[in-house]
Amino acid sequence: MLDVMHEQVEPPPPRRARSLPYDVVALVLQGGGALGAYQAGVYEGLHEAGIRPNWLAGISIGALNAAIIAGSPEAERVGQLRKFWEGICAAPVEWPAGGGLADAMPFAFDLRSAHNALAAIKALFQGQPGFFKPRFPPPFLSPFSGEAATSFYDTSPLQQTLERLVDFDRLNAGEVRVSVGAVNVRTGNLTYFDTSERRLGPEHFAASGALPPGFPAVEVDGEHYWDGGVVSNTPLSRVLSSEPRDTLTFQVDLWSARGRVPNDMMEVSSRQKDIQYSSRTRAITDQALRMQTMRQALQRTLELLPDSAKQDPEIRRIAELARHRSCNIIHLIYQSKIYERHSKDYEFGLNAMRAHWQSGLEDIRRTLADPQRLDPPAPELGIITHDIHRRA
């Protein structure tokens with residue numbers, strides 16, 4: 001139904017922060033534009049379950065969600081996320097006959113598809129409040145160089161929204177580590193702006209979401225950056241490649257690598273996006289498993305050394321690298337609806353946003369309904385992955 005967020009029951013009160021047997025509880029947020037409301041729903045479910053991530057890693061819209069979470073008081077994080085999403089999806093496209101029309105008709109999915117398409121057209125031609133606005137004249141008619149000639153939209157409203165909703169002193173205080181990915185336009189290298197290394201401001205998050213050619217590159221310290229999704233749309237490797245620590249990772253993806261063979265050109269475009277921007281989670285976890293096997297082999301080798309050799313500084317560094325780590329990856333992937341098309345990542349209508357949010361909330365509640373999913377993996381495994389959709 002279209003007004004799904006309005007009709008849901010009152011959510012249960014959030015639990016107090018839970019103690020989990022991990023050094024790091026990470027929330028990894030993929031890029032995906034308007035689909036990012038799914039991540040907000042997942043965070044609401046984590047919050048109500050008492051799970052408080054201490055590391056947020058995001059790219060593009062995932063970086064924006066991370067900024068709002070880390071830059072808000074703990075009790076206000078869900079509310080601030082809602083302000084952001086309700087704000088940028090304001091001025092909805094309304095049906096003349098009212099929002100209940102789609103639910104009353106047997107071809108409701110066609111009406112929802114048309115409704116979302118109208119929202120996408122509105123975003124293309126009018127922009128979204130507090131997010132981006134179209135340039136006039138368009139870049140191919142611009143008499144100037146720079147941003148006006150290299151992007152279709154002005155994203156200065158986004159930086160103003162971030163300054164209004166995000167307390168950057170709180171974000172940089174160290175309570176939560178934040179890492180956001182962007183691509184250096186000059187070198188083509190993926191860079192992570194990380195609060196463990198520098199102070200982050202609105203420009204770092206805007207850079208992470210500067211997807212060309214729609215949005216202009218953002219200048220940071222004399223270099224220009226585009227959306228991190230140009231190179232890699234998911235910062236999971238940033239978390240897994242950190243120093244060996246026991247880690248619980250909630251990876252929230254907005255594009256599914258699995259899907260059916262397209263039947264028409266519109267489905268081809270949609271399927272291409274899904275594949276292009278989906279995570280290579282299996283490849284990343286396979287690499288992590290290989291590293292875990294290497295650590296175990298090094299540990300067995302080090303045990304054969306005499307005690308005197310173990311005091312050598314080089315051997316001690318190797319021993320630290322070989323230290324056992326436990327990694328539990330809980331993978332949530334937004335499942336596209338039958339009525340969604342290739343424009344789903346820029347369908348910023350209120351109804352679509354609320355449906356995405358509710359999907360994320362329901363998926364994380366289903367995931368956490370089995371408390372064993374939060375358990376560390378067996379020592380001989382080291383790494384385990386949970387995915388309710390794949391299990392289904």
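Q: What makes a run of residues a helix or a strand in this predicted model?
A: Helices are DSSP runs of H or I with at least four residues, strands are DSSP runs of E with at least two, and both are numbered from the N terminus. Read in these terms, R135 is found in a loop, with β3 (133-134) on one side and α7 (147-150) on the other.

Q: Why is R135 called buried or exposed?
A: The relative accessible area of R135 is 16%, and buried means under 20%, so R135 is buried.

Q: What makes the backbone oxygen of E147 a polar contact of the side chain of R135?
A: A pair of N or O atoms, one able to donate a hydrogen and the other to accept it, must lie within 3.5 Å, and the backbone oxygen of E147 lies 3.4 Å from a polar atom of the R135 side chain. The backbone oxygen of Y153 is likewise placed, 3.3 Å from a polar atom of that R135 side chain. With neighbours within four places in sequence left aside, R135 is in contact with E147, A148, S151, F152, Y153, D154 and P216.

Q: Why does P212 count as buried, partly exposed or exposed?
A: Buried requires a value under 20% and exposed a value over 50%; P212 has 25% relative accessibility, so P212 counts as partly exposed. P212 lies in the loop between α10 (202-208) and β7 (218-220), and, not counting residues up to four places away in sequence, P212 touches W226 and V230. P212 and S151 are 61 residues apart in sequence, yet their C-alpha atoms are 6.8 Å apart in space.

Q: How do you know that α3 is largely enclosed by the rest of the structure?
A: Of the 10 residues of α3, 10 are buried, so this helix is largely enclosed; among them are I61, L64, N65 and I68.

Q: What makes the largest nonpolar core a core, and which residues have the most contacts inside it?
A: A nonpolar core is a set of buried residues of listed types, including Val, Phe and Trp, joined through side-chain atoms within 4.5 Å. The largest such set has 70 residues, and W85, F205 and F250 have the most contacts inside it. Helix α3 (residues 61-70) gives the most to this core, with 8 residues. Another core, of 12 residues, lies apart from it, with V24, W55, A57 and V239 among its members.

Q: Which residues is F250 in contact with, leaving aside neighbours within four places in sequence?
A: F250 is in contact with V25, A26, L27, V28, L46, I51, I330, I364, L368 and L374.

Notes
Residues numbered from 1 in each chain as written. Predicted model: local features only at pLDDT ≥ 70, side-chain atom pairs only at ≥ 80, totals over all residues. Heavy atoms only, no water. Buried < 20%, exposed > 50% of the residue type's maximum accessible area, 1.4 Å probe, protein only. Contact = heavy atoms within 4.5 Å.
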